[in-house]
Amino acid sequence: MVDLCCLILLAIPLFFYWIQKRNTAKMNVNYQQLANQLKMGFNPEHGFEGTLMSGEIGEFRHRCRAYFQRTRSASRKTRDFHLVITVSFLKPLTLGLEIKPQGFLYEGLTFGSPRGKDIKIGHPEFDSNFRISGFEDDKVRQFLDQDRMQAMMLLKETMPWYNWIVINDEGISTGLPGLVDDPNYIGSVMFQLVALASKIEKLG
């Protein structure tokens, strides 16, 4: 009886390890499929850390990278996964720009003064939806014309609230919580970011 209990205790971690390996292999098939479709490089040894896939996509061949990021939960007892997708501008900006959605769903509860700098553009809807910072307020206001603001608003409206978004001098990033492995969804997010990058850079 004792030997049987010992065998069961030894088998449990092996069973969970087998389940993890099987799930990882299944996810890699989906990731590889997407990478092949987009003609991007794929890292089968990612282990849910570091670069998953990277390459150039879209009409103007923007550089795109997808990688996993681990963050500690609020309780600091567990680690959460995010699949981060970044699309780089063809030519980086020099505004010290950082634009993030604001509000309870994105920032959580805040008390007292707002977090960090928040440049007001003078467009009530945009100002209420985004927190904006940069080196020089006037240059940031000049850059954020009607077309660029509309494109950013559209992306925010079409993205689920739990996907964070950051726009800065280098490009656009978004984080998808969990071990997302739906190639169609991941691909659609990539092209949404590429479309916004093209509009921000006024290409085409």
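## Salt bridges in a predicted model

Asp-145 comes out as partly exposed, with a relative accessibility of 24%. This is a predicted model, and Asp-145 makes a good way into its charged pairs: the Asp-145 side chain meets that of Arg-148 in a salt bridge, 3.8 Å from N to O. Arg-148 itself is buried, because its relative accessible area is 11% and the cut-off for buried is under 20%. The pair doesn't stand alone, either: salt bridges with shared partners link Asp-145, Asp-147, Arg-148 and Lys-202 into one network.

How many salt bridges does a search of the whole structure find? The count is 9. Among them is the pairing of Arg-70 with Glu-49, at 3.9 Å from N to O. Arg-70 belongs to strand S3 (residues 62-72), while Glu-49 sits in the loop between strand S1 (41-42) and strand S2 (50-57), so this salt bridge ties together parts that are 21 residues apart in sequence. Arg-70 is partly exposed at 36% relative accessibility, and Glu-49 is partly exposed too, at 48%.

Then there's Lys-139 and Glu-136, another salt bridge. Lys-139 is partly exposed, with 46% relative accessibility, and Glu-136 is also partly exposed, at 43%.

Here are the three pairs side by side, with the N to O distance for each.

| Salt bridge | N to O distance |
|---|---|
| Arg-70 with Glu-49 | 3.9 Å |
| Lys-139 with Glu-136 | 3.7 Å |
| Asp-145 with Arg-148 | 3.8 Å |

As for why such pairs turn up, side chains of opposite charge can pair when their charged atoms come close.

Conventions
Residues are numbered from 1 along each chain as its sequence is written. This is a predicted model: local features need pLDDT of at least 70, side-chain atom pairs count only at pLDDT 80 or more; totals for chains, interfaces and linings use all residues. Side-chain values use heavy atoms; hydrogens and water are left out. A salt bridge is a side-chain nitrogen of Lys or Arg within 4 Å of a carboxyl oxygen of Asp or Glu. Helices (H or I, at least four residues) and strands (E, at least two) are DSSP runs, numbered from the N terminus. Buried means under 20% relative accessible area, exposed over 50%, partly exposed in between (1.4 Å probe, protein chains only).
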